[in-house]
Amino acid sequence: MNIENTKAQMRKGILELCILSILEKNEAYPSDILNELKASKLIVVEGTLYPLLTRLKNDGLLTYRWEESNSGPPRKYFQLTELGKSFSLELDSSWKELQNAVQKIRSKK
Amino acid sequence: MNKTVTINISSIIFNIDEGAFNKLQDYLHSIKLKFGSTKGGEEILIDIESRIAEIFHEKVNDRKQVISQFDVDEVIAIMGQPEQFEDSETESYSSEKAYEEEAYSEQTKRGPKRFFRDPDSKVLGGVSSGTAHYFGVDPIIVRLLFIAIVFFGGSGVIIYLILWAITPEAKTTSDKLQMKGQKIDIDSIRQSVGEEAEHLKKKFSHLGEKADQFGRDVDSGKIKGFFGTLFNFIFSIVKLVLTFIGKFFGIILIILGGLFLISLVASLFGLGNMNGMSHIGWNYNSFSIKEMYDILFLTSYQRIAITIGLGLAAGIPILAMLYAGLKILFNIQSLPRSIGGGVTLAWFAGIVLLIVTGLQIGNEFSKEDKVISSFSLAPTVADTIYLSANDSHFPIDAVPYDDNDDFFVLKSYEDKLYLTAVELDITENNTDSITIKIVQEAHGATYKGAIERAENIEYSYSITDNSIKFDPYFILRKKDLFRKQSVKIIVSIPIGKTIYLDKTSGWLIYDIKNTTSTRDKYMLSNYWTMTENGLECLHLDMTKDGIRSRKKDRRERQSRNPVVPKYKIKTKVVAPIIDTNATAALLSRQLTHKYPVFPSPFNVFG
């Protein structure tokens, strides 16, 4: 059993929730999202984010618009769709359920 | 000293070490290997490249202009190796992955966007909002369109109901996602066009490589593989073109189907009139389909049977057309087989109904009979008589002057019908007087009925001195129905007598035989004398109308046959039939008409 692998698995599950939560506050472009995720040590390599964003967008949870940037290439600003918002709410409630579940199991120790 | 390479990432130009370049290329290639085949792989790659460009952009400044191997290492560390990417979807849970792939391939099979009814924002059945989702427009526009086409014979209602019946409702989340699909904007279009172009480019370069190899492979028997690739390539292009043509065809089917449906509904329920049919002989404006039904059908049963029969026999193919068009465009589900069978049966029933009723009505035309009345003018009447048509009593003044004899005009007025099925012929008479024979014809289921109808035809003409005015029409009672009634006039004239055909007589004359084979319309405004050879134009009308008529005839003959036939010059005028005194008398009478005598009009121009 590789401890790193297990940690990664745990992060994976909540990564989507975190991205949706970040975007719930404000629209953002990948580097913004990365900064927040990195600050909370939720992400190890940046490459993880891009497939995830593309998939969420293709599933209709996100849309984006282009914005020109003074420094560097044009940026894709992502925002939640209506579907994304309801999806985020559902994930949120299931996250709370998980939290309760973990706490319950631990408190029985 | 290091060699540098100029590269372009996300439209930004960087100078990069050759070693660093190779490393970067390997890295991007490894990402491509991982995502290239998955859905949105191109996009992931573009996004990652864009991020790399951003990081590089922060690295370079006036003093540091070249991206080094160290910078690339740093970028790779930040971005991570593809196997480090933590994405639950691309992780190697074999069962989950298989499931994903299955779902993905199913989705590509069904296309990215499907036509669903939207239960969340429906007014009636959610058809409008579903359509709106499909085309990415506001539902209110679609609803207004539906309401607008309701006014075209109610076809909007029918189209709506059909769509309601054949379109599935979006029930699950995935249905709803498919219903909404990707938003159609410049970005998504550019993206999909770009992907397609890239795809084609790859195919072409692949083909180029293959072509290179082809030269080397000729001997080694690998040609088959090359042709296989070539075939695949051509096949995929053909498929693309066919898909495009298919969609185009679908649109045309829908437009045509809609138009046909509108006209069918309009004609079945008698909303329209026969405006469009004026070219096939029915008169302008005033004649509706309802009126045509009135004069054609004996019983109301026949009328209902024809309406239902037409509705089924013509309506079902039209609906099938609309359905096929919608199926091509919107990828809607097929109807169950039982419905198809029922519809086909209904169509056959419609055809049978039409045939049976058609035979019944045809029977009404099966017997023909005629009533003949004749009138002789006194032999003492002048040698030249003038024929013209009298149209002054026509009830509605919209009678067009048309010298096209093939069609007749029908007009309905109060309880009467006015028909211009009047034909006039000129023949030779063995007696010495001019005879007018009127033949009234009609059809019916029995001879008795036919003859009654023929007797009921009201036809009149008037004779004053040496001019005869024929009505260009006859009158029927509406309750006699239209049973192919017609009037034939035969004017028989003895040899030596002359007839002047007034230009209004174009309404009447039909295929009159003459020695110069002049067509009916060019016989007008000319003097025609009965000779022993038949009707001949022996002296010319030198008024404008006469000259114009002959010139037109000559021009038409020339265009039909560039070699103008030489007419025989006749030196003798009607001499052999009467004694010399009579000839002298004839000539003197002709002189009193003040018309110059020519042997034949046509060699004047020849």
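Reader: Where is the place of K521(B) in chain B?

Author: You'll find K521(B) in helix 15, which covers residues 520-523 of chain B. Keep in mind that this is a predicted model.

Reader: Why is K521(B) called partly exposed?

Author: Its relative accessibility is 36%. Buried means under 20% and exposed means over 50%, with partly exposed in between. The 36% of K521(B) falls between those two cut-offs, so partly exposed is the label.

Reader: What makes K521(B), K551(B), K552(B) and R555(B) a patch of positive charge?

Author: Lys and Arg count as positive, and like charges are joined within 9 Å. Those four gather on the surface, so they get the name of a positive patch. Helix 16 of chain B, residues 544-560, gives the largest share, with 3 residues.

Reader: Which residues form the nonpolar patch on the surface?

Author: That one is made of F135(B), V137(B), I140(B), I141(B), L144(B), L145(B) and I147(B). Together they have about 670 Å² of accessible area. The largest share, 5 residues, comes from helix 6 of chain B, residues 139-150.

Reader: How do you know that I140(B) counts as partly exposed?

Author: I140(B) sits in helix 6 of chain B, and its relative accessibility is 48%. Exposed needs over 50% and buried needs under 20%. Since 48% meets neither cut-off, I140(B) is partly exposed. A patch residue needs over 30%, and I140(B) with its 48% passes that test too.

Reader: Let's turn to chain A. Why is S31(A) called buried?

Author: S31(A) has a relative accessible area of 5%. Buried means under 20%, so S31(A) belongs in that class. The residue lies in helix 2 of chain A, residues 30-39.

Reader: What does S31(A) touch, leaving out residues up to four places away in sequence?

Author: S31(A) touches R51(B) and E54(B). A contact takes heavy atoms within 4.5 Å. Both partners carry the letter B, so here chain A meets chain B.

Reader: What makes K38(A) and E46(A) a salt bridge?

Author: The closest N and O atoms of K38(A) and E46(A) are 2.5 Å apart. The cut-off for such a pair is within 4 Å, so the 2.5 Å here qualifies. As a general idea, side chains of opposite charge can pair when their charged atoms come close.

Reader: Are K38(A) and E46(A) buried or partly exposed?

Author: One of each! K38(A) counts as partly exposed at 33% relative accessibility. E46(A) has a relative accessible area of 1%, and under 20% means buried.

Reader: Which residues are linked with K38(A) and E46(A) in a network of salt bridges?

Author: The network also takes in R75(A), R51(B) and E54(B). You met R51(B) and E54(B) a moment ago, as residues that S31(A) touches.

Reader: How do you know that the pair of E43(B) and K57(A) is a salt bridge?

Author: Their closest N and O atoms are 2.5 Å apart, and the limit is 4 Å. The pair crosses between chains, from helix 2 of chain B (residues 41-59) to helix 3 of chain A (residues 49-58). E43(B) counts as buried at 4% relative accessibility, and K57(A) is buried as well, at 8%.

Reader: Why does the salt bridge of E43(B) and K76(A) join two chains?

Author: E43(B) and K76(A) meet at 3.0 Å, N to O. E43(B) lies in helix 2 of chain B and K76(A) in strand 2 of chain A, residues 75-80, so the pair joins two chains. K76(A) has 6% relative accessibility and counts as buried.

Reader: How many salt bridges does the structure hold over all chains?

Author: There are 21.

Reader: And what is the secondary structure of chain A and of chain B?

Author: Chain A has 4 helices and 2 strands, in the pattern α-α-α-β-β-α along the sequence. Chain B comes to 18 helices and 16 strands.

Reader: What share of the residues counts as buried in chain A and in chain B?

Author: In chain A, buried residues make up 43% of the 109 residues. In chain B, 37% of the 606 residues count as buried.

Definitions and conventions
Residues numbered from 1 in each chain as written. Chains lettered and ligands numbered in written order. Predicted model: local features only at pLDDT ≥ 70, side-chain atom pairs only at ≥ 80, totals over all residues. Heavy atoms only, no water. Patch = residues over 30% accessible without salt bridge, like charges linked within 9 Å, V, L, I, M, F, W, Y side chains within 5 Å. Areas by Shrake-Rupley, 256 points an atom, 1.4 Å probe, with all protein chains shown as cover. Salt bridge = Lys/Arg side-chain N within 4 Å of Asp/Glu carboxyl O. Charge placed at Lys NZ, Arg CZ, Asp CG, Glu CD. Buried < 20%, exposed > 50% of the residue type's maximum accessible area, 1.4 Å probe, protein only.
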